[in-house]
Structure formats: structure tokens, C-alpha cells
Amino acid sequence: EVKTVGGDYAVGEIQRLMARDTLVKDIVERYRMHAWGRKGVVFAAGREHSRRVAEAFRAAGVPAEHIDGEMGDREREGKLERLRLGELWILC
């Protein structure tokens, strides 16, 4: 279902497909089944996808946050520290 541009997948198409509710919910469900309570990093298809995945984790009672390269250093470092300390279980 993903179009290609110059031989590569179209990024917007990948983000749109990956942000489907069923796929986002599946990520959380798999975590609950196989890794509950363990820290992890979720690599998303884009910023909006990352935000949606983090939101889905929080809705399921999992401490999770989104992080990206456009955030200020202080905010980004704070979230990394919270993951290191175990305050966050998931960083997207």
C-alpha cells in the first residue's frame, strides 16, 4: 500500500499506515504480553506516529513519552534521565 518516490518508500505514506489505530494498539498489546515493566525504546515512522504511540502507552498505564531531535536539549535530556531512573518505561 506504500507508494515509492525515487526507489524509496514515501515517508508520508509510511507514517499514515503505521499510525493506524490497530497497529498502534498492537504495539502496546505486544509490550503488555512480552515485556511489561521493562524499559524500552520505540522507533516510530515519524513524529506524529511517535506521539500517538506514546499516548497509547500512557492510556494503557505505561509511563511513556515522545522524544525527537527538534526538542530543546533540556527537555530531551530530562526525558532520557527519567528513562534511566525508571520513571519512564517507554521512550518513543
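The following questions and answers examine how salt bridges, burial and aromatic pairs are assigned in this predicted model.

Residues are numbered from 1 along each chain as its sequence is written, and side-chain values use heavy atoms, with hydrogens and water left out. Because the model is predicted, local features need pLDDT of at least 70 and side-chain atom pairs count only at pLDDT 80 or more, whereas totals for chains, interfaces and linings use all residues.

Q: Why is the pair Asp 21 and Arg 52 called a salt bridge?
A: A salt bridge requires a side-chain nitrogen of Lys or Arg within 4 Å of a carboxyl oxygen of Asp or Glu. The closest N and O atoms of Asp 21 and Arg 52 are 2.4 Å apart, so the pair meets the criterion. Asp 21 belongs to helix α2 (residues 21-34) and Arg 52 to helix α3 (residues 47-59), and the pair thus links distant parts of the chain, 31 residues apart. Helices (H or I, at least four residues) and strands (E, at least two) are DSSP runs numbered from the N terminus.

Q: What makes Asp 21 count as partly exposed?
A: Buried means under 20% relative accessible area, exposed means over 50%, and partly exposed lies in between (1.4 Å probe, protein chains only). Asp 21 has a relative accessible area of 45% and is therefore partly exposed. Its partner Arg 52, with 28%, is likewise partly exposed.

Q: How many salt bridges does the rule give?
A: The count comes to 12 salt bridges.

Q: What makes Lys 79 and Glu 65 a salt bridge?
A: Their N to O distance is 3.5 Å, which satisfies the salt-bridge cut-off, so the pair is counted. The pair links distant parts of the chain, with Lys 79 in helix α4 (residues 73-85) and Glu 65 in strand β4 (residues 64-65), 14 residues apart. Lys 79 is buried, because its relative accessible area is 11%.

Q: Which residues are in contact with Glu 65, neighbours within four places in sequence left aside?
A: Contact means heavy atoms within 4.5 Å. The residues in contact with Glu 65 are Ala 54, Arg 58, Lys 79, Arg 82, Leu 88, Ile 90, Leu 91 and Cys 92.

Q: Why are Glu 87 and Arg 82 assigned a salt bridge?
A: The side chains meet at 3.4 Å, N to O, so the definition is fulfilled. Glu 87 is partly exposed at 44% relative accessible area, and Arg 82 is partly exposed at 32%. Elsewhere, salt bridges that share partners join Arg 47, Glu 48, Arg 51, Asp 68 and Glu 70 into one network.

Q: How many aromatic pairs are counted?
A: The count comes to 3 aromatic pairs.

Q: Why is the pair Tyr 31 and Phe 57 called edge-to-face?
A: Rings of Phe, Tyr and Trp (its six-membered ring) pair if their centres lie within 6.5 Å; planes under 30 degrees apart count as stacked, over 60 as edge-to-face and the rest as tilted. The centres of Tyr 31 and Phe 57 are 5.4 Å apart with 85° between the planes, so the pair is edge-to-face. Tyr 31 lies in helix α2 and Phe 57 in helix α3, so the pair ties together parts 26 residues apart in sequence.

Q: How do you know whether Tyr 31 and Phe 57 are buried or exposed?
A: Tyr 31 has 9% relative accessibility and counts as buried. Phe 57, at 1%, also counts as buried.

Q: What makes Trp 36 and Trp 89 an edge-to-face or a stacked pair?
A: The ring centres are 5.2 Å apart and the planes stand at 90°, so the pair is edge-to-face. Trp 36 is partly exposed at 44% relative accessibility. Tyr 31, Trp 36, Phe 57 and Trp 89 form one aromatic cluster.
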